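Load the model and keep the sequence beside it. The walk below goes from one helix to the sheet, then to the cores and a few single residues.

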Amino acid sequence: MRLIGLDPGLRLTGWGVIEVDGNRLRHVAHGVVRVPVEGGLADRLRALFDGVASVVEAQRPLEAAIEETFVNVNPASTLKLGQARGVVMLAPARAGLPVFEYAANLVKKSVTGAGHADKRQIAMMVGRLLPGIEATSDAADALAIAICHAHHRATAKRVEAAL
C-alpha cells in the first residue's frame, strides 16, 4: 500500500511517500511544496493546494496522513496554519483518498519512542527506518507522519481482524 504523509505549512509543506508491505517500509519519494511569500493569502493558499494536488496526482498514494495543528502563542499564526492545513487536507480528499490525522506527539513517539523528540531525532530515525534517506526537516517530518500512519494502520487492521 502506498501512503503519503503531509506536514502542513503556509510557506513550506513537507511530503513523503512510502510503500508498506506487512511490516516492511520502503521509501518512494519525498519533497517540499514551496509557496511564494508574496501575494495575498488566497493566492498563497491556491498555490499550496495546487502544489499538494500535483504531488498526490504524481505519486498516486492510496491513503494520506496529516499532522494535527498545535496552538501557537500567536493566534494569527495559528489561524493561518489552520487554513493551510485545511487546504493540505483538501487536496488528497478531492482526489478521493481517505485522510487520517495524527497529533505531533503521537507521530514523534511512533517514530522515535519519545513524544517530545526534536527535529534532529526525527530525521535520524526516519533515516534508520528508511535507509539512505536524507531529507530536509519538513520532508523528514512528512515521512515520519507516513510511518506513524503505517504503524497505526497495521495495528487497527489486527484489532479489526481479532474482533
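Against which elements do the buried residues of α2 pack? They pack against β1, β2, α1, β4 and β5. Keep in mind that this is a predicted model.

Stay with α2 for a moment. It covers residues 75-94. Its buried residues are T78, L81, A84, R85, V87, V88, A91 and P92. An α-helix has 3.6 residues a turn, so residues three or four places apart point the same way. The length of the helix can be checked too. At 1.5 Å a residue, the 20 residues of α2 should span 28 Å, and the end C-alpha atoms are indeed 28 Å apart, which agrees. Now look at the two ends. At the start of α2, a side-chain oxygen of N74 comes to within 2.9 Å of the backbone nitrogen of A76. After the helix comes G96, with a positive phi near 90°.

Next, the sheet. It is open and has five strands, in the order β3-β2-β1-β4-β5, with mixed pairing. The edges are taken by β3 (24-34) and β5 (99-102); each has a single partner strand, so one side of each lacks a neighbour in the sheet. On average, neighbouring strands of this sheet are turned by 20° against each other, direction ignored.

Walk across the sheet from β3. Strands β2 and β3 run antiparallel and are joined by 10 bridges. D21 stands opposite R24 in β3. The hairpin of these two strands has two residues between them, and there G22 takes a positive phi near 65°. The next pair, β1 and β2, is also antiparallel, with six bridges. Here a hairpin of four residues makes the connection from β1 to β2. The bridge partner of D7 is G14 in β2.

Then the sense changes to parallel. β1 and β4 run parallel, joined by four bridges. In this pair, L3 stands opposite E63 of β4. β4 (residues 63-67) in turn pairs with β5 in the parallel sense, again over four bridges. One bridge there links A64 to V99 in β5.

How much of β1 is buried? Five of its six residues are, so β1 is largely enclosed by the rest of the structure.

Turn to the nonpolar interior. In soluble globular proteins, nonpolar side chains tend to be buried together. In this model the largest nonpolar core has 20 residues. The residues with the most contacts inside it are I4, L6, W15, V33, L48, V52 and V88. β1, β2, β3, α1, β4 and α2 each supply at least two residues of this core. The largest share, five residues, comes from α1. There is also a second, separate core of 19 residues, which includes I18, L143, I145 and I147.

V33 gives a close-up of the larger core, being one of the residues with the most contacts inside it. Beyond its neighbours within four places in sequence, V33 is in contact with R11, L12, T13, W15, L48, G51, V52 and V55.

Two polar residues of α1 deserve a look. One is R44. Is R44 buried or exposed? Buried: its relative accessible area is 14%, and the cut-off for buried is under 20%. Leaving out residues up to four places away in sequence, R44 touches L10, R11, V35, P36, V37, E38 and G39. Of these, L10 lies 34 residues from R44 in sequence, yet their C-alpha atoms are 7.6 Å apart.

The other is Q59, also in α1. Q59 is buried too, at 15% relative accessible area. With residues up to four places away in sequence not counted, Q59 touches R2, W15, V17, V28 and A29.

End on R60. This residue sits in the loop between α1 and β4. At 62% relative accessibility, R60 counts as exposed. Its backbone is worth checking. Most residues other than glycine have a negative phi. R60 is not a glycine, but its phi is positive, about 55°.

Technical notes. Residues numbered from 1 in each chain as written. Predicted model: local features only at pLDDT ≥ 70, side-chain atom pairs only at ≥ 80, totals over all residues. Heavy atoms only, no water. Pairing = 2+ DSSP bridges. Axes fitted to C-alpha atoms, helices over the stretch in contact; angles between N-to-C directions. Core = buried A, V, L, I, M, F, W, Y, C linked by side-chain atoms within 4.5 Å. Buried < 20%, exposed > 50% of the residue type's maximum accessible area, 1.4 Å probe, protein only. Contact = heavy atoms within 4.5 Å. Expected span 1.5 Å × (residues − 1). Polar contact = N/O pair within 3.5 Å; in protein donor to acceptor, adjacent residues only side chain to side chain.
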